[in-house]
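Here are some short exercises to work through with the structure open beside you. Try each task before you read its solution.

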Amino acid sequence: FEKLTREQEHRLSESKTQFFTNVAHEFRTPLSLILIPLESLMSTHDVPGLLRKRILTAYKNATRMTRLVNELLDF
């Protein structure tokens with residue numbers, strides 16, 4: 001009975017790990033698709049100052065979210 005219980009706990013743990021891995025990967029792809037155009041806009045020199053500031057804010061938040069997703073994957 002104890003062996004069966006340990007096996008069930010192990011399967012549950014593996015399922016949770018797989019779930020979090022899948023969720024993290026699902027967040028990572030859209031974040032990459034957000035960051036690429038933001039990087040392109042930041043390298044453009046004819047963007048007005050206020051718009052540049054907003055782009056930088058969006059970029060910082062997207063990179064922070066990417067870092068958190070990476071931490072989740074490392075966990």
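**Exercise 1. A residue and its helix**

In which helix is the place of I36?

Solution. Keep in mind from the start that this is a predicted model. Step one: I36 has its place in helix α1. Step two: check the surface. I36 counts as exposed because its relative accessibility is 55%, and the cut-off for exposed is over 50%. Step three: look along the chain. I36 and F20 are 16 residues apart in sequence, and their C-alpha atoms are separated by 25 Å.

**Exercise 2. Helix lengths**

Compare the end-to-end reach of α1 and of α2 with what is expected at 1.5 Å a residue.

Solution. Begin with α1, which covers residues 2-43. This helix has 42 residues, for which 62 Å is expected; from first C-alpha to last it reaches 60 Å, close to that value. Now take α2, which covers residues 49-74. With 26 residues, α2 should span 38 Å, and its end C-alpha atoms lie 37 Å apart, which agrees. If you wonder where the expected values come from, multiply 1.5 Å by one less than the number of residues.

**Exercise 3. Where the helices meet**

Which residues of α1 and α2 are buried, and what do they pack against?

Solution. First list the buried residues of α1: A24, L31, L35 and L38. Then do the same for α2, where I55, A62, T66 and V69 are buried. Next, ask about partners. The buried residues of α1 pack against α2, and the buried residues of α2 pack against α1. To think about spacing, recall that an α-helix has 3.6 residues a turn, so residues three or four places apart point the same way.

**Exercise 4. A closer look at T66**

Is T66 buried or exposed, and what does its side chain reach?

Solution. Locate T66 in helix α2. Its relative accessible area is 19%, so T66 is buried; the cut-off for buried is under 20%. Now follow the side chain: it reaches the backbone oxygen of A62 at 2.9 Å. Finally, leaving out residues up to four places away in sequence, T66 touches L31 and L35. Both of these leucines are on the list of buried residues in α1.

**Exercise 5. A patch on the surface**

Which residues form a nonpolar patch on the surface, and about how much accessible area do they have together?

Solution. The patch is made of F19, F20, L72 and F75, with about 490 Å² of accessible area together. Take F75 as an example. F75 lies in the segment after α2, and it counts as exposed because its relative accessibility is 86%. Now bring in F20, another member of the patch. F75 and F20 are 55 residues apart in sequence, with 9.3 Å between their C-alpha atoms.

**Exercise 6. Sequence distance and spatial distance**

How far apart in space are the C-alpha atoms of E71 and T21, and of K3 and R64?

Solution. Start with E71, which has its place in helix α2 and counts as partly exposed because its relative accessibility is 48%. E71 and T21 are 50 residues apart in sequence and 11 Å apart in space. Turn next to K3, found in helix α1. K3 counts as exposed because its relative accessibility is 56%. K3 and R64 are 61 residues apart along the chain, and their C-alpha atoms are separated by 42 Å.

Key. Residues are numbered from 1 along each chain as its sequence is written. This is a predicted model: local features need pLDDT of at least 70, side-chain atom pairs count only at pLDDT 80 or more; totals for chains, interfaces and linings use all residues. Side-chain values use heavy atoms; hydrogens and water are left out. Patches are made of residues with over 30% relative accessible area and no salt bridge: like charges are joined within 9 Å, nonpolar side chains (Val, Leu, Ile, Met, Phe, Trp, Tyr) within 5 Å. Accessible areas come from the Shrake-Rupley method with a 1.4 Å probe; for residues, only the protein chains shown count as cover. A salt bridge is a side-chain nitrogen of Lys or Arg within 4 Å of a carboxyl oxygen of Asp or Glu. Helices (H or I, at least four residues) and strands (E, at least two) are DSSP runs, numbered from the N terminus. Buried means under 20% relative accessible area, exposed over 50%, partly exposed in between (1.4 Å probe, protein chains only). Contact means heavy atoms within 4.5 Å. A polar contact is a pair of N or O atoms within 3.5 Å; within protein, one must be able to donate a hydrogen and the other to accept it, and residues adjacent in sequence count only if both atoms are side-chain atoms.
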